[in-house]
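Hi everyone, thanks for coming along. I'd like to walk you through a protein that may be new to you, so settle in and have a look at the screen.

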Amino acid sequence: MTMISDLPQDLVENVLSRVPLMTSMRKVRSTCKRWNALSRDPDFAKRFVKGLSTLIIMRSEFRLWLMRVDFQGSLNNKYDLDVAPYVKEGKLTSLNNSDPEISKVFHCNGLLLCSTKDNRRLVVWNPYLGQTRRIKPRIAFHKRDLYALGYDVNKNQKILRFLDDNTTFRNPYFIYEIYDLKSSSWRVLDVNADWEIDYYHRGLSLKGSAYFFAKEKMEWDGEEEIDVTDQETFLLCFDFTRERFGPRLPLPFHSHAEETVALSSVREEQLAVLYQGDSSCLVEIWVTNRIEPNAVSWSKLFLSVDIETLFGPHLFHFAGGSFIIDEEQKLAVIFDKDEEEMYNKAYLIGENGCYKTLDLQEDTYHRAETGEFTSMPLVCSYFPTSVKIQQRARRGKRKERDY
């Protein structure tokens, strides 16, 4: 009688490549030791995702969902508004079988850094391996914390945490610190910031560094209003090798605080930026042709679409800012809410008039109830990896418990 473990290697790989992504990986690994070892092999992980549609993780209603976007299918069915460009694979619930409410998520090289809605837990998570690690704070976490996950030149994984909260004029609150997963320790950073980053403007990771949309810090006396139209905006990079912020990197446009600017990654190699003015229905998307901690250069305009001719007058929310692109098909999917901020929506746009609007689902945690911009649909590209979360080596002591 032939056992599952006796099947030829090429047949096993063919079978495993057909299972529904990470939602079934736990069952695959429990089948037998051989399948468990194969599913964790780095080369198999690369072959597993090669040729698949774009994978994304969407946070909606403070839960994480794995989704697959089919740009080619969208192009072939561009006139059929009932054909969605995405397939929902399932909810990610591998955090030791718990189901916490996730308010923030940051993706880096297949790892996720998740912050819970109650601001009590910060967790590094590899959904593909089902591995997690809880990070304990040096100072209690804050709802306006900004986080980034990255790695240095030696592949040491690190977490950036910073808070620059000047909303209370008399008692501004500042924290800049970095956590080294290898040594399990926090270090305070010496940062004299002449810039600021809004807490709802999440950054993104490229090649181990973190990039943010930032703006010039302007002095406020607590009384007179500030004219934000003259405020300089730019990109800012945090280099995890040097453990410092770099110089201001220019954007291909000028924007101010109440306009929509969002960042996205392209193959985890280049950076894309979306811009829409506060009184215009013109959406522009630019892509870099070179991006480093100390330098950036932009290619020609990737996409410019007047969405008023497609969807009617619509301004994407300045605090939403989630989108993905397909360079070959010249398409973009923008994730936002409807005008009443009750339903999550996806907008498919392209240079050749390809467009769709899709209702994702009702969001019972909409901002009118929560008062938080974190209830906006948040999307990031995802690339499964067999890279393990670093653990501190301890001799003669019990291993640190995961989350």
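Before I count anything, a word on terms: helices here are DSSP runs of H or I with at least four residues, strands are runs of E with at least two, and both are numbered from the N terminus. With that in hand, this protein has 7 helices and 26 strands. Please keep in mind that what you see is a predicted model.

Let's start with the whole protein. Of its 403 residues, 54% are buried. The accessible surface adds up to about 19,400 Å², and carbon and sulfur atoms account for 46% of that. If we take the contacts between residues at least 6 apart in sequence, 56% of them link residues at least 24 apart.

Now, which residues have the most contacts inside the largest nonpolar core? They are Ile159, Leu160, Phe162 and Trp195, in a core of 34 residues. Several strands supply at least two residues each, including β4 (102-108), β9 (157-165), β10 (173-180) and β15 (233-239). The largest share comes from β8, with 5 residues.

Let me zoom in on phenylalanine 162. Setting aside residues up to four places away in sequence, Phe162 touches Arg144, Asp145 and Leu146, then Ile175 and Tyr176, and also Trp195, Ile197, Phe212 and Phe245. Apart from the largest core there is another one, made of 20 residues, with Ala272, Val287, Leu310 and Tyr347 among them.

Next stop, valine 379. You'll find Val379 in strand β26, which covers residues 378-381. Is Val379 buried or exposed? Its relative accessible area is 1%, and the cut-off for buried is under 20%, so Val379 counts as buried. And what does Val379 meet there? Leaving out neighbours within four places in sequence, its contacts are Ile56, Ile57, Met58, Arg202, Ser322, Ile324 and Phe335. Take methionine 58 from that list: Val379 and Met58 sit 321 residues apart in sequence, yet their C-alpha atoms are 4.4 Å apart in space.

Last, the cysteines. How many disulfides does a search of the whole structure find? The result is 0. Two cysteines to point out are Cys237, with a relative accessible area of 1%, and Cys281, with 12%. Cys237 is buried, and Cys281 is buried as well, because its 12% falls under the 20% cut-off.

That's my tour, and I'm happy to go back to any part of it.

Technical notes: Residues numbered from 1 in each chain as written. Predicted model: local features only at pLDDT ≥ 70, side-chain atom pairs only at ≥ 80, totals over all residues. Heavy atoms only, no water. Core = buried A, V, L, I, M, F, W, Y, C linked by side-chain atoms within 4.5 Å. Buried < 20%, exposed > 50% of the residue type's maximum accessible area, 1.4 Å probe, protein only. Contact = heavy atoms within 4.5 Å. Areas by Shrake-Rupley, 256 points an atom, 1.4 Å probe, with all protein chains shown as cover. Disulfide = S-S within 2.5 Å.
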